[in-house]
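Got a minute to walk through a fold? Have the model open beside you and follow along strand by strand, helix by helix.

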Amino acid sequence: MSEIALQLENVTRHFKQAGETLEVLRGANLTLKRGEVVALVGPSGSGKTTLLQITGLLDKPTSGQVVLAGKPVDSGSDKLRTARRLQDLGFVYQFHHLLPEFSAVENVILPQMIKGVTKQAAHGKAEELLTALGLGHRLTHRPSQLSGGEQQRVAIARALANDPAVVLADEPTGNLDPHKADEVFDLFLRIAKERNVAALIATHNMELAGRMDRIVRMQDGILA
Ligand code: ADP
Ligand code: MG
């Protein structure tokens with residue numbers, strides 16, 4: 001197993017807008033070891049979401065390369081990219097995007113079944129993760145029957161369900177009150193360390209950023 005979870009190599013992203021080229025990323029480089037939790041900070045509009053979209057294989061760089069778990073990601077085939085997304089990545093969104101018709105445990109089972117895990121194995125893993133996140137007594141609740149913090153914990157369990165190398169989060173605690181945000185983040189930090197999962201977390205919360213292993217700053221299209 002590669003000890004390096006993620007490498008971004010000279011990643012650029014240019015947008016063509018009304019005849020002009022906007023150079024949002026100008027050669028971003030980053031290496032995340034397994035188990036390393038890193039804060040991505042920078043002013044609004046500096047390119048944090050763009051960087052996360054490229055790292056998450058939801059967008060392609062103009063040039064440069066994404067390497068996940070030691071293996072470069074093909075920038076051509078969408079099928080291969082989707083497979084790599086399922087294999088190597090987990091996502092935590094600010095508005096958790098849980099499926100409202102499904103219970104907590106089903107929301108964590110689904111990404112595993114999409115990957116091809118049997119329902120029984122997926123159920124076991126989902127229960128284990130939700131229990132580790134303090135939701136053992138909420139397995140069959142639907143998202144609307146859970147508090148904001150509980151919903152975010154289900155989203156974390158879902159992100160970890162396929163044992164990704166890297167979890168990505170874009171302002172994940174933005175819609176929680178600060179106390180809840182701290183609590184959810186502490187849980188995430190502990191579980192990421194236990195499971196040797198790297199994380200790149202965009203945040204404006206400097207107190208939260210300060211508790212991560214390292215802070216990288218988006219500045220003029222590169223990471224400093
Ligand atoms: P942040 O997440 O740090 O606030 P973003 O990555 O969302 O920054 O945006 C960085 C810059 O890239 C902004 O100026 C934004 O308008 C521009 N941008 C992002 N996506 C696109 C797009 N699809 N087309 C054109 N410009 C974009
Ligand atoms: Mg953003």
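What follows is a quick tour of the sheets, the helices and one pair of aromatic rings.

Keep in mind that this is a predicted model. There are two open sheets to look at: one has 4 strands with antiparallel pairing, and the other has 6 strands with mixed pairing.

**The 4-strand sheet**

- Reading across this sheet, the strand order is E2-E1-E4-E5.
- Its edges are strand E2 (20-33) and strand E5 (71-72), each of which has a partner on one side only.
- Strand E1 covers residues 4-17 and runs antiparallel to E2, with 11 bridges joining the two.
- To find your bearings in that pairing, look for Leu6, which sits opposite Leu32 in E2.
- Helix H1 (residues 48-55) lies across E1, E2 and strand E4 (63-68). Its direction is at about 120° to that of E1.

**The 6-strand sheet**

- Here the order goes E6-E7-E8-E3-E9-E10.
- Strand E6 (89-92) and E10 are the edge strands, and each pairs on one side only.
- Helix H5 packs on this sheet, where it touches E6 and strand E7 (166-170). H5 and E6 have directions about 170° apart.
- Strand E3 (residues 37-41) runs parallel to strand E9 (residues 214-219), and 4 bridges join them. One spot to check is Val41, which stands opposite Arg217 in E9.
- E3 also runs parallel to strand E8 (residues 198-202), again through 4 bridges. In that pairing, Ala39 of E3 has Ile201 in E8 as its bridge partner.
- As a reminder, strands of a sheet pair through backbone hydrogen bonds, in either a parallel or an antiparallel sense.

**The hairpin at one edge**

- E9 pairs with strand E10 (residues 222-223) in the antiparallel sense, over 2 bridges.
- Met218 in E9 stands opposite Leu223 in E10.
- The two strands make a hairpin with 2 residues between them. Asp220 is in the turn, and its phi is positive at about 50°.

**Helix H4 and its neighbours**

- H4 spans residues 119-132, so to speak a run of 14 residues. From first C-alpha to last it reaches 20 Å, close to the 20 Å expected at 1.5 Å a residue.
- Which residues of H4 are buried? They are Ala122, Lys125, Ala126, Leu129 and Leu130.
- These buried residues take up an arc of only 125° around the axis, so they sit on the same side of H4.
- The general rule behind such spacing is that an α-helix has 3.6 residues a turn, so residues three or four places apart point the same way.
- What do the buried residues of H4 pack against? Their partners are helix H3 (104-115) and helix H5 (148-160).
- After H4 comes Gly134, which has a positive phi, near 80°.

**The aromatic pair**

- The structure holds 1 aromatic pair.
- Phe91 and Tyr93 have ring centres 6.2 Å apart and ring planes at 15°, so the pair is stacked.
- Is Phe91 buried or exposed? Its relative accessibility is 16%, so Phe91 counts as buried, the cut-off for that being under 20%.
- Tyr93, at 32% relative accessibility, counts as partly exposed, because that value falls between the 20% and 50% limits.

Methods:
Residues are numbered from 1 along each chain as its sequence is written. Chains are lettered from A and ligands numbered from 1 in the order in which they are written. This is a predicted model: local features need pLDDT of at least 70, side-chain atom pairs count only at pLDDT 80 or more; totals for chains, interfaces and linings use all residues. Side-chain values use heavy atoms; hydrogens and water are left out. Two strands pair if DSSP finds at least two bridges between them. Contact means heavy atoms within 4.5 Å. Axes are lines fitted to C-alpha atoms, for helices over the stretch in contact, and angles run from 0 to 180 degrees between N-to-C directions. The expected span of a helix is 1.5 Å times one less than its number of residues. Buried means under 20% relative accessible area, exposed over 50%, partly exposed in between (1.4 Å probe, protein chains only). The arc is that of the directions from the helix axis to the C-beta atoms. Rings of Phe, Tyr and Trp (its six-membered ring) pair if their centres lie within 6.5 Å; planes under 30 degrees apart count as stacked, over 60 as edge-to-face and the rest as tilted.
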